[in-house]
Amino acid sequence: ENGLAAWLRYAPLSGAQHFHNSLPSHIVALNSTLGSPVYTAGQELQNGIQSIYGKQCDVHQGHWDAASSLVVGTIDQYKKAYGSLSINPDLTGDGYWLSTEGSTVQILGQNERGALYGAFQYLSMIAQGNFTRVAYASNPDAPIRWTNEWDNLDGSIERGFAGNSIFFANGVVVSNLTRVSEYARILASIGINGVVVNNVNANASLLRPGNIQGLGRIADAMRPYGVQIGVSLFFSSPTSAVQGQANLTTFDPIDESVVSWWANVTDQIYEAVPDMAGYLVKANSEGQPGPLTYNRTLAQGANLFAKALQPHGGVVMFRAFVYNQLNESDWKADRANAAVDFFKPLDGEFDDNVVIQIKYGPIDFQVREPASPLFANIPQSNTAIELQVTQEYLGQQCHLVYLPPLWKTILDFDMRVDNEPSLVRNIVSGQRFKKALGGYAGVVNVGTNETWIGSHLAMSNLYAYGRLAWDPTSDPTSILQDWIRLTFNADPSVINTITQMSLESWPAYENYSGNLGEQTLTDILYTHFGPNPQTQDNTAWGQWTRADHNMIGMDRTVSNGTGNSGQYPPAVATDYENIATTPDNLLLWFHHVNYTTVLKSGVSVIQDFYNQHYAGAATAQTFLSQWQLLQGKIDDERFTDQLYRQSYQAGHALVWRDAIVNFYHNLSGIADKEGRVGNHPYRIEAEDMELEGYVKYAVSPFEAASNAM
Ligand code: BDP
């Protein structure tokens, strides 16, 4: 049990014999072509049923007596094989019909991918011992359900915490793509249909002819699972002297030579990858080149790629993460305003196959952010939400943080556009503004580590990401419990313990990192790990707390501040404009207040800071003791691996707590009413210890040391 099988372990169920009659005896897969998703579904069903129940089913291709069989295929394939179909399920792209009523199990997709999704759904049910009779249609909420992998061609992964790339090494695509196929299988089982395989901070050498062939091999490895690939592009590739491609003197998006350069490269990619899903583009952001270099608009930049992709049916995911970081003259502006400032004036100018990919909050994957106001400001454009499965600012897989409750605060947020219900999830699905495209991009960053993303428990986030992209109304707790049953087992104490730990984990992390809307008070300059509140202010990165001796928080009001609250539709803007109607958990995001300001809870800001940091760290201690209860109830291998992580988190939560409370205690000079800050009667300070081979030194930042050393 090393984690490699993720939630597709198909572990033998006890009492399996009892269910043999409820299982089919034959599997009919209505496509015999090796590598087609329906063929894959047949194999998967055969293996799953054999592994879970020890029942050997034969797989037939094409027509076969449907009685006591499981039939998997598309609606059209079924009609062709059996002449007719008595039901007429209402299916949209990638949807499926699943019926276990009567003597035949029917798994019928709107397309082949849908049939495979239905097969995985059936297997998920029976792997959980669920033989309820069902007959229903299931359709995805949105057409785009992708992951983004920030893999570099040298094999490293930006913000990846699970080893090297499964796709690239030494500048080329790796020769053994077994892990890539396995990853596609995992993704298909949760309804993911696209993977952008390289870093948003892209490298032009991806476009070397040899690498384009390599992309073809990656696509071949993923295609049997219905997963299409996409690629990130480096905007100035035409001038990057890419070996094997023409080298231009300009990358101006409206220059004819640039237009045909991209059309040509795009044609080459489609030759190697005929079903390529599309491009992902990060332009004019964090030092990346883009159309603004030539005084062209971001829409002109996006449409350059849209036109190249259009004949092939591909889409451009154009990132809204554009801001003037490192621009000295502009860095006093509010970075939270940047996306609306850049994109709102361009609404209506993007081609139909452009999707604006928007991070969930206005800054950058922080532990708490309001929903990005951009979702409400570009009704004529397709949009997708960018979520981060890899826990960059959220503990880098060394801390347990179950993320779906955070994602749900954004997806379920009502923007009240034109005073009409406008939930973010209904905007990105395309329903609210009647757009054909839209959906989800999750930054996952899997690596060669056998746990895939660096920790066994963190895989619940990947599982839930897929499930929510399929159906954002699903309940994070029931998703989690499906995952626990499939990943570990159905022992009630296992389910209850992991559920409790997971549901307490985001609030705990928020409490000991940065509560009251103060963002993750981490090192902002580089590592994004561990406490370092002083790096938040006075840097060009613009994730500011504006903390001084008396006050804290960023004034983003229209009346006195940066005007960010005014980027929301009026019904929402009014709430955020006023302290009285801003929820406490976003108070310091929108307002600059005295440390002594009293919250709705009746406690002052600074005292709440102290209290929550102690409470959050205390909760993290319980994760360790809760996990210890599982010894012997799950396999030793994963128990021991995770035990190490929980011990680490228990310790690092204390480091977080003390660093943050020390820092603000020092800055504000206001004592903790409970007398805890700076008072550690049982602690042995590092400077009081001696250990051979070690020397004492002053730690920077001071607040991260137990007592300056
Ligand atoms: C930040 C990451 C950085 C990414 C950037 C992005 O720290 O590595 O390149 O986002 O999303 O959060 O482009």
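**Group meeting talk: a three-domain chain, its barrel and its sheet**

Let me start with one residue, Val281, which is buried, with 26 other C-beta atoms within 10 Å. Val281 belongs to strand S12, residues 278-281. What is Val281 in contact with, leaving aside its neighbours within four places in sequence? The contacts are Leu233, Phe235, Ala302, Phe305, Val316, Phe318 and Arg319. From the C-alpha atom of Val281 to that of Phe365 is 18 Å, and these two residues are 84 residues apart along the chain. I should say now that this is a predicted model.

Now the overall layout. The domain assignment splits the chain into domain 1 (16-138), domain 2 (144-487) and domain 3 (512-668).

I will take the barrel next. Eight strands close into it, in the order S7-S10-S11-S12-S13-S14-S15-S16, and their pairing is parallel. From one strand to the next, the twist averages 25°. As one example of the pairing, strand S7 (residues 144-148) and strand S10 (residues 194-196) run parallel and are joined by three bridges. Asn148 has Val196 as its bridge partner in S10. On the barrel there is also helix H11, residues 459-470, which lies across S7, strand S15 (382-388) and strand S16 (438-443). H11 runs at about 175° to S16.

Two loops deserve a stop, and both concern the backbone angle phi. As background, most residues other than glycine have a negative phi. Ala241 is not a glycine, yet its phi is positive, about 50°. Where does Ala241 lie? In the loop between strand S11 (228-233) and helix H6 (256-272). Ala241 counts as exposed because it has 12 other C-beta atoms within 10 Å. The other case is Asn445, again a residue other than glycine with a positive phi, near 60°. Asn445 is found in the loop between S16 and H11. Is Asn445 buried or exposed? It has 27 C-beta neighbours inside 10 Å, so Asn445 counts as buried.

On to the ligand. Which residues surround it? They are Glu158, Arg159, Val200, Asn201, Lys282, Glu286, Phe321, Asp364, Phe365, Glu392 and His528. Sorted by type, this shell has three nonpolar, two polar and six charged residues. Phe365, from the distance I gave at the start, is one of the residues around the ligand.

Next, how domain 2 and domain 3 meet. Their C-alpha centres lie 27 Å apart. In the contact between them, 33 residues of domain 2 meet 32 residues of domain 3. The side of domain 2 that touches domain 3 is made of 17 nonpolar, nine polar and seven charged residues.

The last part is the other sheet. It is open, has six strands in the order S2-S1-S3-S5-S4-S6, and its pairing is mixed. Why do strand S2 (58-61) and S6 each have one side without a neighbour in the sheet? Both stand at the edges with a single partner strand each, so one side is left without a neighbour there. The twist in this sheet averages 15° from one strand to the next.

At the S2 edge, strand S1 (residues 26-29) pairs with S2 in the parallel sense over four bridges. His26 has Asp58 as its bridge partner in S2. Helix H2, residues 75-82, packs on the sheet and touches strand S3 (69-74) and S5. The direction of H2 makes about 120° with that of S3. A further helix, H3 (residues 112-127), lies across S3, S4 and S5 and runs at about 145° to S5.

Strand S4, residues 96-99, is where I will finish. In a regular strand the side chains alternate between the two faces of the sheet. In S4, Tyr96 and Leu98 point one way, Trp97 and Ser99 point the other way, and all are buried. What are the partners of S4? One is strand S5 (residues 105-109), which runs antiparallel to S4 and is joined to it by four bridges. Here Trp97 stands opposite Leu108. S4 and S5 make a hairpin with five residues between them, and Gly102 in the turn has a positive phi of about 75°. Strand S6 (residues 135-138) also pairs with S4, again in the antiparallel sense and over four bridges. Within that pairing, Leu98 has Tyr136 as its bridge partner.

Terms used:
Residues are numbered from 1 along each chain as its sequence is written. This is a predicted model: local features need pLDDT of at least 70, side-chain atom pairs count only at pLDDT 80 or more; totals for chains, interfaces and linings use all residues. Two strands pair if DSSP finds at least two bridges between them. Helices (H or I, at least four residues) and strands (E, at least two) are DSSP runs, numbered from the N terminus. Axes are lines fitted to C-alpha atoms, for helices over the stretch in contact, and angles run from 0 to 180 degrees between N-to-C directions. Two residues are in contact if their C-beta atoms, placed from the backbone, lie within 7 Å. A residue is near a molecule or strand if its C-beta atom, placed from the backbone, lies within 6 Å of it. Ala, Val, Leu, Ile, Met, Phe, Trp, Tyr, Cys and Pro count as nonpolar, Asp, Glu, Lys and Arg as charged, and the others, Gly among them, as polar. Domain bounds come from an automatic or database domain assignment. A residue is buried if 20 or more other C-beta atoms lie within 10 Å of its own, exposed if 12 or fewer, and partly exposed in between; C-beta atoms are placed from the backbone.
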